[in-house]
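Reader: I am new to this structure and should be grateful for a close look at one part of the interior. Would you please begin with a single residue and then explain how its surroundings relate to the rest of the model?

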Amino acid sequence: MPENSTEVTAAGIARLAGVGRAAVSNWRRRHADFPKPVGGTETSPSFALPEVEQWLRDQGKLAEVPLRERVWQQLAGHPAGAVPALVHTGCALLLLRTAPNAWPEITAVSDERMAGVLSPALDKVLTARFGPAAEAGRSVHTPSRAALLPSIPLLRAAAELAAGTGVRETFEFLLGRQLDANPRQYTLTPPGLAELMAALVETGERPARTVLDPAAGTGALLRAVGRPAALYAQETDPDLAALTALRLALHTDTGCALAARTADTLRADAFPQLAADAVLCHPPFNERNWGHDELAYDPRWEYGFPARTESELAWVQHALAHLREGGTAVLLMPPAAASRRSGRRIRADLLRRGALRAVIALPAGAAPPYGIPLHLWVLRKPGSGLHPSPELLLVDTAEPAESASGGQASAAGGRDRIDWQAVHGAVLDAWQSFEDAGPAGARPGAGRAVPVIELLDDDVDLAPARHLPSPAAAGGPAELIRVRERLTETLGRTGTLTPPAVTLSDPAHWPLTTVGELARAGALQLRTGGSGTGPGPVLTEHDVLGSTAPSGSLPVDGPAEEPVLVEPGDVVVPVLGGGSVARVIDDATAGAALGRNLQLLRPDPAALDAWFLAGFLRGTANNRQASSYASTATRLDARRLQLPRLPLAEQQRYGERFRALAEFEDVLRLAGRLGGQLVQGMYDGLTDGTVAPK
């Protein structure tokens, strides 16, 4: 094996070959010539990538490793680690973007000579983009020749990938893979939330040209800004700061000034004199060691010295200190920051001086921690000629929104359930109306402009849910009447759709086949979801389980890859969970992309009836024999699912019964949602006086 050869784990081999990890384990047991481990541990060994590729080709299991997978495996198995390798790749891609004509000359030599030539070329590009190497806190350092040498094969492959997919898209793909592979290592700001926060600072007469993020993380917030003239980022983690700087450099053109610094923001502010048009920030939550003892007399605490438990209010005042007069800041905040007693004096002063303009409650799942509905605080820097606003805008999008199927989606349904388009519309409409017309512009049910004087009590509680009417009260008794009418109609349908009395008989003894055998015979196709880019909707696992409209979305950036699109008559089954669920795709759902943890079965209509297939896949015994069990999850192997060999006409007879059962199930589900909505609405109406007891 060549020295410094890239290593790959069993999971990586499975990804290369397009199989499950169990298949790789079987290959190791059954084939004596399978490559031997070269590293890792006994329970998680690693293998030489070139040896694995050659073995897969010899076995006919791999025609060619996709280039994007080769690049990722080289990066993940880099001897210095994935993050340094990703930094080297980002530097090379920045050079490729800045000086594309120089790249062929640099690469037309041996690896050793290329490393020597590349280092000074990178230094020139990095200095032009981020300032001199000696500048304090510069986040991206020029890699030396010795550091670059092990990365040269990776950089050559990354440049080849970029030639086909684009420089920016290549880096976004590799960065996304790194973040997905280490979910607990990074606190992410989802794209939908980042776009909403950026949109809030870009409204108004004066656009946000200079923007600061003092807790930049992976750079998602600054990347969402439309047309900035200057971006400023500070991040404590040196690795994250370097990745953020490169991400922003690849995302913006050279006309945008870019400054990214590595330091503890609250203790060592890298931009003490900056007065930006806007500040975007997703600060760390519940930090006790934020500098309370050493920063007691810091001039940033203009609204009061934050308690040790109020680190978020320190970030709020840091953001205000870096705004020009009239500038806007948007911070993601935990809901406790709006109501903790230890922060009430600072909240009161923010209100009195007009610095806090809006508090917006988001749906649960908008950002980590995903289990609670976080808040957005919109702030504006007071100044001469600016009069404090007598109102605070409160918006609550945390309540469940009516779904396309007529029911309600759970507010705690998770990040895959959020309709970001609806959230954006509700928040931005309420904010723009408030900005344009003050309290008269607030939309009933979406937001309310609350007089500041009403909030300045002993608690100064700014949680929107405490000051906005409930959804039932907002709709009034008329809404409850409509819900009751729909429930009555739906219950009537359940009566007509209730299955007829069953006729008992002995168990049938049909000749059986499996989905795997049918796939090999060409009677159906098997596809797995979870990849692709584009603007269309995604059918998620939650949508299949709840029989709702597609609610997910594909990533916009990344190498172009066609997603699996569902068609009418397809049967979709969840891979995880062990439940007996199968959904037949109709015309309304057709065209959506197939999401993660879902498998699609596309039957040939001349050989298989879709409803017959879906019905037998839902059998409890069928699911049990086709499931494998791990310590924390159950996984369904769709190829092992069984169904009887029956003529097409007989399949269609069964299919009609299965279709009727599915319709009955959908109506029952809708009746349950409407019943819950009516019950809660009655409780709310009776307790707030809008409904009178009879």
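**A buried leucine and its surroundings**

Author: Leu-222 is buried, with a relative accessible area of 1%. The model in which this value was computed is a predicted one. Leu-222 belongs to helix α12, which covers residues 220-223. Leaving out residues up to four places away in sequence, Leu-222 touches Val-211, Leu-212, Asp-213, Leu-231, Tyr-232, Ala-233 and Leu-248. A reference point elsewhere in the chain is Gly-530: its C-alpha atom is 27 Å from that of Leu-222, and 308 residues separate the two along the chain.

Several of these neighbours lead to another leucine. Val-211, Leu-212 and Asp-213 are in contact with Leu-222, and they are also touched by Leu-280. Beyond four places in sequence, the other contacts of Leu-280 are Met-197, Ala-198, Val-201, Pro-214, Leu-221, Val-225 and Val-330. A second, separate core of 42 residues has Ala-215, Ala-276, Trp-315 and Val-460 among its members. In soluble globular proteins, nonpolar side chains tend to be buried together.

Leu-280 itself is a member of the largest nonpolar core, which has 90 residues. It is one of the residues that touch the most other members, together with Leu-118, Phe-130, Leu-246, Leu-332, Leu-362 and Leu-376. The greatest contribution to this core, eleven residues, comes from helix α5, at residues 82-98.

Leu-212 opens a further path, for it is in contact with His-322 as well as with Leu-222. His-322 occupies the loop that runs between α14 and β8, the latter at residues 323-333. Its relative accessible area is 2%, which means that His-322 counts as buried. Apart from neighbours within four places in sequence, the remaining contacts of His-322 are Asp-269, Phe-271, Pro-272, Leu-274, Ala-275, Ala-276 and Val-279. Ala-276, touched by His-322, is one of the residues of the second core.

Val-460 is another residue of that second core, and it lies in the loop between α17 (452-455) and α18 (471-497). Its relative accessible area is 4%, and Val-460 is therefore buried. The backbone at Val-460 has a positive phi, near 50°, in a residue that is not glycine. Most residues other than glycine have a negative phi, and most peptide bonds are trans.

Asn-286 offers a second case of positive phi in a residue other than glycine, at about 55°. It is placed in the loop between β7 (276-281) and α14 (311-321). With a relative accessibility of 53%, Asn-286 counts as exposed, because the threshold for that class is over 50%. A cis peptide bond, with omega about -5°, links Pro-368 to Pro-369. Pro-369 is situated in the loop between β9 (356-361) and β10 (375-380).

Another buried residue can be examined in helix α10, which spans residues 167-181 and contains Gln-178. Gln-178 is polar in its side chain by class, yet it is buried at 4% relative accessibility. Not counting residues up to four places away in sequence, it is in contact with Trp-72, Ala-82, Val-83, Leu-86 and Tyr-186.

The remaining region to consider is farther along the chain. Helix α21, residues 610-617, is mostly covered, with eight of its eight residues buried. They are Ala-610, Trp-611, Phe-612, Leu-613, Ala-614, Gly-615, Phe-616 and Leu-617. At the start of this helix, a side-chain oxygen of Asp-609 comes to within 3.1 Å of the backbone nitrogen of Trp-611.

Trp-611 is also among the residues nearest the centre of the second largest pocket, along with Ser-547, Arg-583, Ala-662 and Asp-666. The elements giving two or more residues to the lining of this pocket are α20 (541-546), β18 (583-584), α21 and α23 (648-688). Helix α23 supplies the largest share, eleven residues. The volume of the pocket is about 870 Å³. Its lining comprises 17 nonpolar, six polar and ten charged residues.

Helix α23 also contains Leu-670. Leu-670 has a relative accessible area of 12% and is therefore buried. Its C-alpha atom is separated by 51 Å from that of Ala-85, which lies 585 residues away along the chain.

Conventions. Residues are numbered from 1 along each chain as its sequence is written. This is a predicted model: local features need pLDDT of at least 70, side-chain atom pairs count only at pLDDT 80 or more; totals for chains, interfaces and linings use all residues. Side-chain values use heavy atoms; hydrogens and water are left out. A nonpolar core is a set of buried Ala, Val, Leu, Ile, Met, Phe, Trp, Tyr and Cys residues joined through side-chain atoms within 4.5 Å. Buried means under 20% relative accessible area, exposed over 50%, partly exposed in between (1.4 Å probe, protein chains only). Helices (H or I, at least four residues) and strands (E, at least two) are DSSP runs, numbered from the N terminus. Contact means heavy atoms within 4.5 Å. A polar contact is a pair of N or O atoms within 3.5 Å; within protein, one must be able to donate a hydrogen and the other to accept it, and residues adjacent in sequence count only if both atoms are side-chain atoms. On a 1 Å grid over the protein atoms alone, a cavity is a set of points where a 1.4 Å probe fits but cannot get out, and a pocket is an open set with protein on both sides within 12 Å along at least five of seven lines; lining residues have an atom within 4 Å of a point. Grid points are joined across faces, edges and corners, and a volume is the space filled by probe spheres set on the points.
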